[in-house]
Protein chains: 2
Amino acid sequence: MGMTGLLGVLGGMGPLAAADFFRKLVSLTPARCDQEHIPLVIYSVPQIPDRVAAINDGGESPLPAMLAGVRALKAAGALRIAIACNTAHYWADELEREGGVPILHIADAACDALARRVPRGATLGLMGTRGTLAAGFYQKRLAARGYGCITSTDEEIEQLVHPAIAAVKRNALDTAAGLARTVVERLRAAGAAAVILGCTEIPVAVDHAGPDVAAHCVDATHALAGACLAWWQGHIATAARAQ
Amino acid sequence: MGMTGLLGVLGGMGPLAAADFFRKLVSLTPARCDQEHIPLVIYSVPQIPDRVAAINDGGESPLPAMLAGVRALKAAGALRIAIACNTAHYWADELEREGGVPILHIADAACDALARRVPRGATLGLMGTRGTLAAGFYQKRLAARGYGCITSTDEEIEQLVHPAIAAVKRNALDTAAGLARTVVERLRAAGAAAVILGCTEIPVAVDHAGPDVAAHCVDATHALAGACLAWWQGHIATAARAQ
């Protein structure tokens, strides 16, 4: 199996979110021993220009730094790339084209996961950075699948969502959990059947808040882990048939 | 900072232990934002021959597979290697010599950590695989620092320690936690002032068991994370002075 390639994980945006993705992927894998787990390399080099600032405020592009990560993962043997950051998916097409490795898109994974539990026609809450909301890749996919979508107000994003994300990045999980709980409650009060946690820091905060909050959420990190596992299981089945 | 190198993490032995190390390292880092976290690459390719079987039963050597990992980490820019597996440190000297990157040894880190809380002359319990106990790198360091060392019996290792480790590798944490609790209790009853968790699966089990068990233990994974952080802080301070 060591010769059949591996999963590349582009992390570092931020590191705790990448660690959360890693743990969820391992926990989800029905392995009986080490050797049945998915081979992977995680590139977690967080010295990358801020993604939200680049999208919304004309800040320095993080694309060159992310491309360096994709290329390092490709050199290590990556056949697919998972990006443990929603906002970074703004550059998913360029990363895939210039990096030369297919990307398992987190919004595809999240929408597949929610389609299994939320009936078509329902309205979803979307929690994410200003950058992710401006990029529109969730809204586009939700509309295509027949879902409505509501988001937090600009004021709520500045006062609750971004501070929750920043708190996770500095390991202040109690603070992050309280803020995330409030955002989930407000989106539900506004009519959301469930809330998509469309920023990989947010599931860390929501898991810390507890199962009463998590129960109303679609965890995009968990969904991406599921998509990676499904890809890997298909990959090794194909490799086994080819032998 | 992106140009000043990074930490290489050799994982995959097993994957949940590597995820635990990653989370502990990130949580321990006093970063205020992504960019202040440690840049690292984790090589978690678990298709490696069994380490305990190689040491104790003449099984296939895992050294070539581990060396491939060290070389991939070096190619990605690693200046130091942390190995998220105690048993694998049996090959630490060869990995360092043939891989060409200095290794931050987990037993040095654990002994430094325990020296800060356990008085010289005390007896420590050592919990690890048959391979780690046979290798003797913990016992040698403990003796050099003036500590006594007791281990589980061969029967306890086969019936409690190895099954706890195997349970973590297949994500059966409740089972693992119960077994680990029993081992810690027996070593304490036999006179251990504290128990060194000298296998990176065991802290996952003990953390799951709860703080009443963890309080009596020295977590080698956590200690290694601390050693990595200390190395990185020294490294960036030196790099800053050189500019």
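This passage walks through the fold of chain A, one of its helices, a loop residue and an aromatic pair.

The structure is a predicted model. Chain A is built from 12 helices and eight strands. Its radius of gyration is 17 Å, close to the 18 Å that the globule rule gives for 243 residues, so chain A is as compact as a globular protein of that length. Along the principal axes, the C-alpha atoms of the chain fill a box of roughly 55 × 40 × 35 Å. Of the 243 residues, 58% are buried. Among contacts in chain A with a separation of 6 or more, 76% come from residues 24 or more positions apart. The chain exposes about 9200 Å², and 52% of this area is supplied by carbon and sulfur atoms.

Helix H8 of chain A, residues 154-169, makes a good place to look more closely. With 16 residues at 1.5 Å each, H8(A) should span 22 Å, and the 21 Å between its end C-alpha atoms agrees with this. The helix also bends, by about 30°, at Pro163(A). Its buried residues include Ile157(A), Leu160(A), Val161(A), Ala164(A), Ile165(A) and Val168(A). In an α-helix there are 3.6 residues a turn, so residues three or four places apart point the same way. Polar names appear in the buried set too, among them Glu156(A), His162(A) and Lys169(A). The cover over the buried residues of H8(A) includes helices H1 (15-28), H2 (51-57), H6 (130-135), H9 (173-189) and H10 (202-209), together with strand E5 (123-127), of chain A. Just after the helix, Asn171(A) takes a positive phi of about 65°.

Strand E5 also borders the loop that holds Val118(A), which runs between helix H5 (106-115) and E5 of chain A. Val118(A) has a relative accessibility of 7% and therefore counts as buried. Leaving aside residues up to four places away in sequence, Val118(A) touches Leu124(A), Tyr147(A), Ala193(A) and Ala194(A). Pro15(A) lies 103 residues from Val118(A) along the chain, and their C-alpha atoms are separated by 30 Å.

Aromatic rings round off the picture. Over all chains, the search of the whole structure finds six aromatic pairs. One of them joins Tyr90(A) and Trp91(A): the ring centres are 4.7 Å apart and the planes stand at 80°, so the pair is edge-to-face. As for exposure, Trp91(A) counts as buried at 5% relative accessibility, whereas Tyr90(A) is partly exposed, with a relative accessible area of 41%.

Technical notes: Residues are numbered from 1 along each chain as its sequence is written. Chains are lettered from A and ligands numbered from 1 in the order in which they are written. This is a predicted model: local features need pLDDT of at least 70, side-chain atom pairs count only at pLDDT 80 or more; totals for chains, interfaces and linings use all residues. Side-chain values use heavy atoms; hydrogens and water are left out. Rings of Phe, Tyr and Trp (its six-membered ring) pair if their centres lie within 6.5 Å; planes under 30 degrees apart count as stacked, over 60 as edge-to-face and the rest as tilted. Buried means under 20% relative accessible area, exposed over 50%, partly exposed in between (1.4 Å probe, protein chains only). Helices (H or I, at least four residues) and strands (E, at least two) are DSSP runs, numbered from the N terminus. The expected span of a helix is 1.5 Å times one less than its number of residues. The bend at a residue is the angle between axes fitted to the seven residues ending there and the seven starting there. Contact means heavy atoms within 4.5 Å. The radius of gyration is taken over C-alpha atoms; the globule rule is 2.2 Å times the number of residues to the power 0.38. Accessible areas come from the Shrake-Rupley method with a 1.4 Å probe; for residues, only the protein chains shown count as cover.
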